[in-house]
Amino acid sequence: MKSRYVFPRHTKADLPIAVGGDGPFLIDADGKRYLDACGGAAVSCLGHSDEKLKAAVHEQVDKLAYAHTSFFTTDPSEELAERLAELSPGDLNRVYFVSGGSEAMESALKLARQFHMENGQLERAKIIARWQSYHGNTLGALSAGGNRWRRAQFEPMLSPAMHHVSQCNAYRSQAAGESDEAYTDRLAQELDDTIQNLGSETVAAFVAEPVVGATMGAVPPVAGYFRKMHAVCKKHGVLLILDEVMCGMGRTGTLFACEQEGVAPDMIAIAKGLGAGVQPIGALLVSDRIYDTIETGSGFFQHGHTYLGHPMACAVGNAVLDRLVGDDVLARVAPIGEQLRQALTARFGNHPNVGDIRGRGLFLGLELVADRGTKEPFDPKLGLAGKIKKRAMAEGLMCYPMGGTIDGERGDHVLLAPPFIIEDEH
Ligand code: PLP
């Protein structure tokens, strides 16, 4: 229906009314079933009717719904923080709970700044992120993001503290005949040059998604890329912040996508899969070094939101870990993802308008091009992504098509992020 009072994102949209969920399916008011092959936006990693997640909500609301974190801590938040600290790479032993991905990224950017201030490095306020990335829609996160289309109309409001380097995208920017070694050296050199040009004493952090999600459609890094970027960061005293809001929580086959890159960053932002769509929650995992600096310094992180560490959300986060780790649902992701990738390759590998099939685990993308040989994108005026979404919904399939940005121009891709409980029949 067309909403009368709700302000939808697409104001002209005429949407079905979702009334139920059944495993990987959503059900509308007419009883039509939609296979959720994108988890909304890579959110519903355990489908739409998981019994343990439902029980977690019921049990927690019976005990305690909410307690403000300036007055109390709670059992579910303490438990979830301890488990995430144990499961995460390196010494990310402190967890700052928020309500979603943008809040997690805002927290990361501000914490990077405060960490350097408390270390006496007062000039370090600049952030380097990458073109064709997405870090959220709040102004700080949007400023860091490198999607020109999302930024365009807000440009006058975006922070001048944010700077951008190239994306790591083998399909789009690795030169013909350029080895992985040479390509990743080139990108690391670009970061090094950018830091030096800005003045290394003024740069606070480098921010990146380990596997790029919404902007480009599941673009994994070239082997060795993150290790080299991390080395450049360390050389200049710049923090490495990884945005795993979309690719984290098992989506790529390991709980944290960066585990596959062999890097332990200074901070990791997670959200989406952490609440699996059952509760809105995000988290910023923070290294001992950063936390200790604040604790021995001012003792106060100058940032916060009303719903920090919400007990209901944390209770669901614990249930998600029970399912992913305790019940070993995580182990399904890599093999089923590989099966899906093979099926996509068999079906679309030679399609004249599918330029690239890529991704990791159950986080896969198809890039659509007008010409496979030249990689020329479709004319944005065609609105291809919108048409694909509409057609798929008519067929009872939810996928996530987007017109991304390629070298400043709009391009198209389809992102697939089905729940980890998906079966052969689906
Ligand atoms: N970071 C990444 C990588 C994302 O994909 C998203 C959302 O798609 C965000 C941040 C923002 O998260 P939220 O929409 O929960 O604010």
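Let's start with one residue: Glu 178 sits in the loop between α7 (170–173) and α8 (180–198). That loop belongs to a predicted model, one whose secondary structure adds up to 13 helices and 15 strands. Below is a quick tour, going from the whole protein to the ligand, a small sheet, two helices and a few loop residues.

**The whole protein**

- A compact globule of 426 residues would have a radius of gyration near 22 Å, and this protein comes in at 21 Å, which agrees.
- If you follow the C-alpha trace along its principal axes, you cover about 60 × 60 × 45 Å.
- Buried residues make up 48% of the 426.
- Take the contacts with a separation of 6 or more: 71% of them link residues 24 or more positions apart.

**Around the ligand**

- The ligand has 15 residues around it, and the closest are Gly 100, Gly 101, Ser 102, Val 245 and Met 246.
- Helix α4 (residues 101–118) gives the largest share of this shell, with three residues.
- By type, the shell splits into seven nonpolar, six polar and two charged residues.

**A four-stranded sheet**

- Strands of a sheet pair through backbone hydrogen bonds, and they can do that either parallel or antiparallel.
- Here you'll find an open sheet of four strands in the order β1-β2-β3-β13, and its pairing is mixed.
- The edges are taken by β1 (18–22) and β13, each with a single partner strand, so one side of each has no neighbour in the sheet.
- Strands β2 (residues 25–28) and β3 (residues 33–36) run antiparallel and are joined by three bridges.
- One pairing to look for here is Ile 27 with its bridge partner in β3, Arg 33.
- The hairpin of β2 and β3 has four residues between the strands, and Gly 31 in this hairpin takes a positive phi near 85°.
- On to the next pair: β3 and strand β13 (residues 397–398) run parallel, with two bridges between them.
- Leu 35 has Leu 397 as its bridge partner in β13, while Asp 36 stands opposite Met 398.

**Two helices and what covers them**

- An α-helix has 3.6 residues a turn, so residues three or four places apart point the same way.
- Helix α12 (residues 330–348) has 19 residues, which at 1.5 Å a residue should span 27 Å; its end C-alpha atoms are 27 Å apart, so the two agree.
- Buried in α12 are Leu 330, Arg 332, Val 333, Ile 336, Gly 337 and Leu 344.
- Their cover includes α11 (311–326), β11 (354–360) and β12.
- Over in helix α9 (residues 225–235), the buried residues include Tyr 225, Phe 226, Lys 228, Met 229, His 230, Val 232 and Cys 233.
- Among the elements covering the buried residues of α9 are α8, β7 (203–208) and β8 (239–243).
- Just past the end of α9, Gly 237 has a positive phi of about 70°.

**Loop residues worth finding**

- Is Glu 178 buried or exposed? With 15 other C-beta atoms within 10 Å, Glu 178 counts as partly exposed.
- Glu 178 and Val 369 are 191 residues apart along the chain, and their C-alpha atoms are separated by 22 Å.
- Ala 276 isn't a glycine, yet its phi is positive, near 55°.
- You can spot Ala 276 in the loop between β9 (267–270) and β10 (282–286).
- Ala 276 is buried, because it has 26 other C-beta atoms within 10 Å.
- Lys 375 is another non-glycine with a positive phi, of about 65°.
- Where does Lys 375 lie? Look in the loop between β12 (363–368) and α13 (384–394).
- Lys 375 is partly exposed, with 15 other C-beta atoms within 10 Å.

Key
Residues numbered from 1 in each chain as written. Predicted model: local features only at pLDDT ≥ 70, side-chain atom pairs only at ≥ 80, totals over all residues. Rg over C-alpha atoms; globule rule 2.2 N^0.38 Å. Buried ≥ 20, exposed ≤ 12 C-beta atoms within 10 Å, placed from the backbone. Contact = placed C-beta atoms within 7 Å. Near = placed C-beta within 6 Å. Nonpolar A, V, L, I, M, F, W, Y, C, P; charged D, E, K, R; others polar. Pairing = 2+ DSSP bridges. Expected span 1.5 Å × (residues − 1).
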